Amino acid sequence: MTDLPSTARVVIIGGGIVGCSVAYHLALRGCTDVVLLERKQLTCGTTWHAAGLVGQLRATHNLTRLAQYTTNLFSTLEAETGQATGFQQRGSVSVATNDERFEELKRGASMARVFGLDVNVIGPSDIAALFPFAHVDDLVGGVHLPNDGVTNPIDTTQALAKGARSRGVRIIENLGADSIIVEHGRAVGVITTQGIIRADAVVNCAGMWGRELGDAVGAVVPLHAAEHFYIVTEHVEGLSPNMPVLRDPDGCGYFKEDAGKLLVGWFEPVAKPWGMRGIPESFCFDSLPEDFEHIEPLVAAAAHRMPLLIHTGIRLFFNGPEAFTPDDRYLLGESPEVHGLFTAAGFNSIGIQSSGGAGKVLADWIIDGRPPMDLWDVDIRRCMPFQRNRAYLHDRTVESLGLLYAMHWPFRQPETARGVRRSVLHDRLADRGACFGEAAGWERANWFAPPGVTAEYEYSYGRQNWFVHSAAEHQAVRTNVGLFDQSSFGKFLLQGPDAEHVLGQICANDVSVDVGKIVYTQWLNESGGIEADLTVTREAPNRYLIVTAAATQVRDFAWLNDHIPASARATATDVTSAMSVLSVMGPNSRRLLSHLTPCDLSNEAFPFGTSQIIDLGYARVRANRITYVGELGWELYIPTEFAAGVFDVIAEAGHEVGLTYAGYHALNSLRMEKGYRHWGHDISTDETPLEAGLGFVVGWTKPDGFIGRDALLSQRETGAHRRLAQFALHDADKLLYHNEPIWRDDALVGHITSGMFGHTLGRSLGMGYVECVNGITDAAFVLGGRYEVEVAGERVPADVSLAPFYDPKSLRVRG
């Protein structure tokens with residue numbers, strides 16, 4: 001029996017490397033009243049059998065910063081704690097067998113330079129020098145990251161645990177948390193077989209048990225275990241202990257020297273989900289049955305890359321479970337369903353390299369009450385409630401494991417577990433040639449295939465097969481009229497006598513407006529960072545309609561509810577499923593809609609930025625005169641059961657004016673030309689409205705102020721050190737996507753946040769922040785330099801502008 005404390009500030013459930021990292025970092029921050037509960041022994045779930053790879057380059061800047069932090073932590077952890085970790089910075093090399101893979105790697109190398117990583121693009125002869133045993137004749141090149149590392153997962157976990165214990169953290173093994181105690185929507189402790197521990201915060205670091213732990217209290221933790229295979233050979237004479245890790249993504253495999261032997265592991269395209277009926281409680285340092293038939297084709301590919309495998313014996317054939325999420329990004333942060341319940345789980349085979357950074361930022365989040373940086377890529381608030389569905393998780397896991405080494409094509413869409421959320425107009429769009437993508441589970445028309453063309457993606461880093469079709473949609477919106485289905489918008493109602501006051505505090509812009517006015521605004525945190533980017537329509541004196549992006553539906557609704565004071569007479573309701581949205585956009589949108597409604601759509605009767613209820617077909621719909629494409633147009637908010645009828649009426653009348661059906665790729669290219677920001681790419685919690693060029697939608701003089709006002713006023717006084725700008729490449733054949741380095745007068749000053757080809761301008765466009773580290777980034781600084789954007793290692797000259805390249809005075813929007 002353990003002397004179990006009755007209270008703690010924080011209780012952590014799970015003693016893998018991530019749980020121990022959270023405990024260690026809480027203690028570093030001075031929060032030592034912490035209890036970590038491990039159901040069996042530390043590392044006994046998935047940590048113990050990890051390969052121990054410590055890479056630094058991730059898909060985004062902040063995730064790379066977290067991985068870099070992990071590397072720096074591991075380099076000092078042994079000296080600090082006296083516990084050996086086995087950490088070595090041997091480096092890593094990823095190799096390419098074709099030009100498309102090599103472009104992916106070179107784009108990654110360019111991105112690494114933005115993040116400050118030491119990186120080299122190398123050829124086959126360089127690869128052979130680093131890996132004398134490797135077959136390189138079929139390689140076209142590779143990328144070398146010399147500071148990547150390897151570590152011993154068990155020893156590193158023990159070092160983190162030792163560091164936590166030395167500062168006062170209680171780590172109790174062989175005692176699990178049977179359940180989490182939730183009172184009034186908040187986690188307040190855990191129940192164990194030895195008693196109850198009350199706590200201010202509970203952290204779910206339970207790994208592949210994490211979903212069930214969350215499910216029991218209504219928290220969405222969408223992860224599923226999958227079988228992961230690797231082999232370890234007999235001793236290999238001459239294999240250097242300093243050999244870098246070799247990644248052969250086209251062969252789905254990685255190679256690592258392991259005490260004189262060769263460890264070879266795989267991320268196969270069609271994986272084997274495991275634990276569909278739950279993870280056994282008895283699981284402890286266990287492995288799963290061998291399945292050589294499943295992995296045999298990949299063994300052959302590994303032998304091609306490393307011929308020594310043909311004549312070297314295999315000492316160990318290992319199969320162990322690891323937890324994967326639907327989008328291959330781990331789950332971090334406070335649950336939007338249960339306050340005080342934090343999660344760090346679902347690490348998709350990168351738990352070792354992510355553990356240090358994830359543990360640090362989650363500890364900061366717990367102590368400070370907010371994340372220390374933009375963590376949207378892994379924020380658990382991105383998850384949708386339906387993703388708890390077990391059949392969905394099973395089917396998606398078949399694909400998600402292999403995506404780690406698959407080609408990371410621009411615009412790549414998942415192939416499994418599709419059709420989850422469908423607009424009521426889905427079949428009508430499909431009949432008209434829609435090719436659908438997925439966002440937050442929604443099937444959305446990304447582009448339309450004309451007759452005779454198959455509505456399927458053909459991926460590349462160049463102009464993909466849909467490029468010309470999306471260009472036609474784009475031009476139709478610019479010159480005539482297009483129809484978008486935007487039913488996936490998140491839609492909330494805030495109602496009650498105090499609705500105006502509550503929303504006035506949350507919104508940076510002034511929402512004390514007349515009924516029928518639309519307000520574009522941001523929601524800010526206390527530091528002035530942008531938490532949300534959305535529109536607010538005043539429907540009545542005591543009712544507002546809030547419209548946001550599909551991906552941020554859960555996040556933004558949680559933010560709204562969290563900032564309604566308990567005493568306020570206001571309630572929020574998520575009405576996303578209650579309304580479909582059709583956007584009619586283009587210079588002929590007024591002409592088209594005027595045939596369908598008796599309402600006056602003229603500028604005088606229906607000015608830009610206003611909303612009215614109009615008759616359309618047999619329905620009454622809310623028409624919002626607003627745009628995300630930079631043209632005259634209306635968003636039509638239609639009760640779901642009326643949407644099909646309204647669509648049919650518009651489609652029929654559309655024949656007369658040449659209506660074009662348009663998808664989200666066209667929407668993206670249109671908004672890029674107009675310089676409209678996209679939350680999660682161009683703006684986030686790390687940027688302020690002043691840095692993003694959105695100071696014009698801040699209600700500076702609102703009498704009651706707003707969240708973040710003091711921080712913005714301070715920045716307005718001192719000046720910003722970075723500014724969002726638009727870029728247009730001189731070479732129209734080079735395409736921008738994201739994270740390409742921005743060079744000003746041969747100095748690296750930022751990176752592209754989002755990119756798309758602008759079909760009206762005929763140029764590749766991008767947005768990105770220009771930073772002046774030692775001074776103020778004013779207009780003179782931004783516009784006074786010579787710019788290049790680096791694309792796959794090549795610098796391409798670019799023009800810069802602070803105003804949109806298209807219709808900078810917005811005359812067409814108000815036409």
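## Strand β29 and its partners

In this predicted model, β29 and strand β32 (residues 633–639) pair in the antiparallel sense, with seven bridges between them. One place to look is Ser580, which stands opposite Ile638 in β32. β29 also pairs with β23: four bridges join the two, and they run antiparallel. Here you can find Leu483, whose bridge partner in β29 is Val584. If you are new to sheets, it helps to know that strands pair through backbone hydrogen bonds, either parallel or antiparallel.

Is β29 mostly covered, or is it mostly open? Strand β29 spans residues 579–585, and seven of its seven residues are buried. Try following the two faces of the strand in turn. On one side sit Met579, Val581, Ser583 and Met585, and on the other Ser580, Leu582 and Val584; both faces are covered.

## A closed barrel

Further along the chain, six strands form a closed barrel. Going around, the order is β34-β37-β36-β35-β38-β39, and the pairing is antiparallel. From one strand to the next, the twist averages 40°.

Let's zoom in on one pair from this barrel. Strand β34 covers residues 722–729 and strand β37 covers residues 763–771; seven bridges hold this antiparallel pair. Within it, Phe727 has Gly766 of β37 as its bridge partner.

## Helix α16 across the strands

Now look for helix α16, residues 664–674, which lies across β36 (747–758) and β37. Relative to β36, the helix runs at about 130°. What do the buried residues of α16 pack against? Their neighbours are β22 (442–448), α11 (467–479), β23 (482–485), β36 and β37.

Helix α16 is mostly covered, with 10 of its 11 residues buried. Among them are Tyr664, Leu667, Leu670 and Met672, along with the charged-letter names you may recognise, Arg671, Glu673 and Lys674. After the helix comes Gly675, which has a positive phi, near 75°.

## Two nonpolar cores

How many residues does the largest nonpolar core have? There are 47, and those with the most contacts inside the core are Val10, Ile12, Leu26, Val203, Tyr330, Leu332 and Leu362. Several elements give two or more residues to this core, including β1 (7–13), α1 (17–28), β11 (195–204) and α8 (351–368). The largest share, eight residues, comes from α1.

Leu332 is a good residue to click on. Setting aside neighbours within four places in sequence, Leu332 is in contact with residues including Thr343, Ala358, Leu362, Trp365 and Ile380. There is also a second, separate core of 35 residues; Val190, Leu213, Phe283 and Leu341 are included in it.

## The whole chain

Stepping back, the protein chain has 18 helices and 39 strands. Its C-alpha trace spans about 80 × 65 × 55 Å along the principal axes. Why can the chain be called a compact globule? A compact globule with 815 residues would have a radius of gyration near 28 Å, and the chain has 27 Å, so the two agree.

Buried residues make up 62% of the 815 residues. Of the contacts with a separation of 6 or more, 72% are between residues 24 or more positions apart. Finally, the accessible surface comes to about 29700 Å², and carbon and sulfur atoms account for 50% of that surface.

Note on methods. Residues are numbered from 1 along each chain as its sequence is written. This is a predicted model: local features need pLDDT of at least 70, side-chain atom pairs count only at pLDDT 80 or more; totals for chains, interfaces and linings use all residues. Side-chain values use heavy atoms; hydrogens and water are left out. Two strands pair if DSSP finds at least two bridges between them. Axes are lines fitted to C-alpha atoms, for helices over the stretch in contact, and angles run from 0 to 180 degrees between N-to-C directions. Contact means heavy atoms within 4.5 Å. Buried means under 20% relative accessible area, exposed over 50%, partly exposed in between (1.4 Å probe, protein chains only). A nonpolar core is a set of buried Ala, Val, Leu, Ile, Met, Phe, Trp, Tyr and Cys residues joined through side-chain atoms within 4.5 Å. The radius of gyration is taken over C-alpha atoms; the globule rule is 2.2 Å times the number of residues to the power 0.38. Accessible areas come from the Shrake-Rupley method with a 1.4 Å probe; for residues, only the protein chains shown count as cover.
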